[in-house]
Amino acid sequence: QGQSFYDAIFIRPSLPAKPLKNLPSEHLKGLGVILRDRHGTPDEVYFFIKCGKIYSHFHYDEGAFFAFADGVPILDEYGIQYGSGTDENGQTVSGSAPRCHNAISFSATPTDRECYNRGYVTRFLTQPYADYAVCEMPVHLLHMKPELSLWGFQGEEAPYGWWRRHILFVKPYGFFFYDQLESEFTATLDLNFKADAYRTVAGLNRVYQGRYGTDIPVCVNFPTDGPARDGRLDMKANASAFPKFSTMESVSPELKDTFYNQVSWHIGTRPNSDFSWSFAWGKPEAHAVLRPLGSGAPGSVLERADGVTRAVVTPALKPAVAVEADGLIYSGWAGAMTERPDGTTELIQMAGNVIGVSKGLHLHGDGPFRAVIQGKRATVELDGRARWIEVHGVKARRLTLNGRKAETESAGPRGARRVAIPVGRQTRLDIEYR
């Protein structure tokens, strides 16, 4: 069925049920990355991004993704081979057009397909509290020699540009992106939502009213001075597009008529300019909204009834970005801080060297780790990859490593202390301070 990802979720109820394995996030070499959370529950999150050399009757546009949350589709990867839809102007649009992918499309080129069958996952870290991935895609002109078929084409040897998509998934509610672009052509961030309407919060911050009961806040941090336009594409399953889905008796006619409809948002930028943006989700009662972190920082703030998350994600191959904004102190490439109504603060460092609270505890270390702060106590969880942790900004009274008094050394003025972390094992560091 080409790109008919969704047929699998409309299985006949009469089929015998089997218990599901608890599936983790994973890098599927040659195909891409799957990021998961709460697998097998009604709140399940599933995110797939294509980044690899697999081709033929499958997805061919690198860097494109689709996402489910709360067990329903929220951003639809619509890039199917067989089928077309009607756009906002009443025109027929092929389902494989660049605008139908959740990806970057490049304009002013002699082809409409530029990242094709050739992507590389260069970073992949998964933890119970967050995932971090970097996907790299060379940008190619689709020059086909007469004797060659489209299937299996992987671009010319020398690309005319490069696209790196950096992804930070702060579980369970938000994805934060940095799209780094090296191309002499203008580019467009294309996003497609399983929704029919939206409301504007401010600037390029919106909340889409998801068709299946889950709101989808989205925020473009930068650029904010480029062209932005809305789109719509309506498509019905039929004998040539999604034929199995179109004939399933267990699927209502109304769902068949509307499931593949989507609204879209397209934000443009200049050559060699990057995108910083994010999306999240939540039931309407969660009042979820996103806004820029501020001060030009590559990050967003997710506000929900159950907490406020500030997240930063920035190019992995450039120097660490230093951020001090909205109560967050950060240096690195991918990290987040969440404050909850009960007074608990959570610090997540996936790739960086400093994270902390303004006028409070700062933790220096290269991650990945998570710290939970309650009052004058903090608990840090590490998986054995971080080599050391330094405690700054407060005066530590007691440091306990895996239940025993930690051996420490001075890490600078004002009582900062350094703790060596055991390699290759789960470690807990408890900090008491004043």
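Is C135 buried or exposed? At 0% relative accessibility, C135 counts as buried. The model described in this report is predicted.

## Cysteines

The structure contains zero disulfides. A disulfide is a covalent bond that joins the sulfur atoms of two cysteines. C51 takes part in no disulfide, and the nearest cysteine sulfur to it, that of C135, lies 4.1 Å away. For C135, likewise in no disulfide, the nearest cysteine sulfur is that of C51, at 4.1 Å. Because a disulfide requires the two sulfur atoms to be within 2.5 Å, the separation of 4.1 Å between C51 and C135 does not qualify.

C51 has a relative accessibility of 1% and therefore counts as buried. The burial of C135 follows from its value of 0%, given that buried means under 20% relative accessible area.

## The eight-stranded sheet

Strands of a sheet pair through backbone hydrogen bonds, in either a parallel or an antiparallel arrangement. In this model, eight strands form an open sheet with antiparallel pairing, and their order is 9-10-11-12-19-16-15-14. The edges are occupied by strand 9 (120-126) and strand 14 (195-202). Each of these has a single partner strand, so one side of each is left without a neighbour in the sheet. From one strand to the next, the twist averages 15°.

## Strands 15 and 16

Within the sheet order, strands 16 and 15 stand side by side. Strand 15, comprising residues 205-210, pairs with strand 16, comprising residues 215-222, in the antiparallel sense over five bridges. In this pairing, N205 is opposite C219 of strand 16.

Definitions and conventions. Residues are numbered from 1 along each chain as its sequence is written. This is a predicted model: local features need pLDDT of at least 70, side-chain atom pairs count only at pLDDT 80 or more; totals for chains, interfaces and linings use all residues. Side-chain values use heavy atoms; hydrogens and water are left out. Buried means under 20% relative accessible area, exposed over 50%, partly exposed in between (1.4 Å probe, protein chains only). Two strands pair if DSSP finds at least two bridges between them. Helices (H or I, at least four residues) and strands (E, at least two) are DSSP runs, numbered from the N terminus. Axes are lines fitted to C-alpha atoms, for helices over the stretch in contact, and angles run from 0 to 180 degrees between N-to-C directions.
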